[in-house]
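This report introduces a protein chain to a reader who has not met it before. Please look through the sequence and the model first, and then read on.

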Amino acid sequence: MSTRENPAGLVVLAVDDEMAGLDEMKYLLGNNARVGRVLTACDASEALRLLRSDDPELLGRRDEDESIVDAVFADVSMPGLSGMELARVLTAFRNPPALVFITGHEENALEAFEVGALDYIMKPANAERVDRALRTIEKNKAQAAKGSRALEAPASDDEVIPVELAGTTRMIPRKDVRWVEAQGDYARLHTAEDSHLVRIPLAQLEERWAEAGFLRIHRSFLVSLPLVTELRMSSSGYSVVLGGGPSKELPVSRRHTRELKDRLVRAPRQGWGQQ
């Protein structure tokens with residue numbers, strides 16, 4: 001259990017098949033003032049048994065309308081049922097707890113957020129990083145209490161992309177992405193200030209972000225249409241100029257030119273003004 005008792009605090013379940021990792025997470029959570037109680041499980045199957053239990057003493061249920069456990073901090077790589085598989089089971093719960101992954105491998109970051117994880121902490125975790133995750137959980141819990149959906153900030157339809165930088169997960173809102181550049185099986189997201197490499201093919205982002213106003217203009221480029229300020233023609237073909245930051249000109253391939261022109265004509269429904 002936790003090292004302090006805080007009846008108003010969060011009920012958190014820590015899951016790790018390695019005892020050293022489980023003890024460390026129990027310590028970090030138990031010594032955080034936001035946490036009222038820490039439960040532990042040595043694998044995902046035991047975690048599910050705890051989460052599905054109807055024993056109020058075991059789980060510290062506060063009332064019938066609240067989730068029994070507020071959050072699960074789980075290792076990704078576990079024998080048997082993995083952390084990712086646990087996440088997929090949790091999505092079927094009526095009131096699923098917030099999920100935070102703890103792992104020593106950054107390559108699963110994108111998949112983690114796709115299965116609904118609220119945060120992704122690289123090992124070795126520290127008190128400050130755990131507290132940041134707990135603050136996000138508290139914020140979402142407060143939003144849920146007001147009748148809103150408990151979503152990770154920013155609370156909108158805008159997708160958030162996790163980017164790993166030296167062991168720190170930075171959240172990049174999709175609305176900040178000006179264009180995306182293909183780099184093999186990876187894609188580089190370009191914002192006004194920086195660029196970030198993510199482990200996802202450009203073709204997958206093209207399909208996933210189509211409804212958000214992104215269009216493929218070249219085999220190597222996907223652009224945010226609302227940021228297109230100019231369509232230029234030269235002897236070598238068409239190109240577009242992007243705003244939303246330092247001016248950037250990108251080539252348009254012949255096969256994508258017609259669709260681009262058509263979309264630009266229909267741009268008023270995406271917030272553009274008619275000429």
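The text below moves from the chain as a whole to two helices and then to two loops.

The model is a predicted one, in which local features need pLDDT of at least 70 and side-chain atom pairs count only at pLDDT 80 or more, while totals for chains, interfaces and linings use all residues. Residues are numbered from 1 along each chain as its sequence is written, and side-chain values use heavy atoms, with hydrogens and water left out.

The secondary structure of the protein chain comes to eight helices and 15 strands, where helices (H or I, at least four residues) and strands (E, at least two) are DSSP runs numbered from the N terminus. Of the 275 residues, 45% count as buried; buried means under 20% relative accessible area, exposed over 50% and partly exposed in between, with a 1.4 Å probe and protein chains only. Among contacts (heavy atoms within 4.5 Å) between residues at least 6 apart in sequence, 53% join residues at least 24 apart.

Two of the helices can be set side by side.

| Helix | Buried residues | Arc of buried residues |
|---|---|---|
| α2 (residues 44–52) | A44, A47, L48, L50 and L51 | 160 degrees |
| α4 (residues 83–90) | G83, M84, L86, A87 and L90 | 155 degrees |

The arc is that of the directions from the helix axis to the C-beta atoms. The buried residues of α2 fall within an arc of 160 degrees, so they line one face of that helix, and on the other side R49 and R52 are exposed. The buried residues of α4 fall within an arc of 155 degrees, so they too line one face. At the N-terminal end of α2, D43 acts as a cap, with a side-chain oxygen 3.2 Å from the backbone nitrogen of S45.

How do α2 and α4 pack, and at what angle? The angle is about 20 degrees, with the axes 10 Å apart, where axes are lines fitted to C-alpha atoms over the stretch in contact and angles run from 0 to 180 degrees between N-to-C directions. The contact is made by A44, L48, L51 and R52 of α2 and by L86, V89 and L90 of α4.

Turning to the loops, P124 is placed between β5 (119–122) and α6 (127–145), and a cis peptide bond with omega of about -5 degrees joins K123 to P124. T191 lies in the loop between β9 (186–190) and β10 (195–198), and T191 counts as buried at 10% relative accessibility. Leaving aside neighbours within four places in sequence, T191 is in contact with I172, D176, V177, R178 and H196.

How values were computed:
Polar contact = N/O pair within 3.5 Å; in protein donor to acceptor, adjacent residues only side chain to side chain.
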